[in-house]
Amino acid sequence: AAAAAGFFLAREGQVVVAGRNLDRLKRSSIPLLRRSIGVVWQDFKLLPARTVFDNVAISLEILGMPRKQINRRVEEVLEMVGLEELAGRKDIDWGSLTFGEKQRLSLLRIFYHKPRYAVIDEATAGLGLRTERRIFERCRAMGIALVVVAQQRSLLQFCDSCLTLSGGGEWEQRPVDAAERSPLLRALSTE
């Protein structure tokens, strides 16, 4: 996941993102490339000294978005991940949130600056199928291509292809077939 976001170079082979080989990019070009990639880590990467609002707004501030737009955008993305009750509240400390709320707060990073691509590293474990579906459907509707690092087979229903890594470092890429999707979709419809 970190290699796909340009945080380090591959030891072997190549990492190609958006048609660009990261090994051949100038170091100064990587931050610009990262603006087109949303990254969500399994350990949240939230800023503990900041409020919920500030954790969302900081990236938009860095991108130079005007304050009025930031306020609207923060409310929009909180709604996208089911945290609309936090919209408009600028005083909520992220430390007071539940594990699931922190997870959803970290996931909204893929929505607020509308990247072309998003890398999600074990970030949906424990959210429940309805919330997962809501997030993945929203990404698809926004045209965000996802790279999902997960051990959960339930996520296959949202994928077009699957890359399986073995313990020996070998991998296989294959399309996700209807048999892998349909039982999961039936389980979702009965929730």
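**Close-up views of a predicted model**

**View 1. Confidence along the chain.** Among the elements of the protein chain, helix H7 (residues 178–189) has the lowest mean pLDDT, 48, and helix H3 the highest, 87; pLDDT is the predictor's confidence in each residue, from 0 to 100, and helices are DSSP runs of H or I with at least four residues, strands runs of E with at least two, numbered from the N terminus. This is a predicted model, in which local features need pLDDT of at least 70 and side-chain atom pairs count only at pLDDT 80 or more, while totals for chains, interfaces and linings use all residues. Residues are numbered from 1 along each chain as its sequence is written, and side-chain values use heavy atoms, with hydrogens and water left out.

**View 2. The buried face of helix H3.** Ile70, Arg73, Val74, Val77, Leu78 and Met80 are the buried residues of H3 (under 20% relative accessible area, 1.4 Å probe, protein chains only). Seen down the axis of H3, they fall within an arc of 145° (taken from the directions from the helix axis to the C-beta atoms), so they line one face of the helix. Just after H3, Gly82 takes a positive phi of about 80°.

**View 3. The largest nonpolar core.** This core has 34 residues, and Val74, Leu78 and Phe111 are among those with the most contacts inside it; a nonpolar core is a set of buried Ala, Val, Leu, Ile, Met, Phe, Trp, Tyr and Cys residues joined through side-chain atoms within 4.5 Å. Strand E4 (117–121) and helices H2, H3, H4, H5 and H6 each supply at least two of its residues.

Notes:
Buried < 20%, exposed > 50% of the residue type's maximum accessible area, 1.4 Å probe, protein only.
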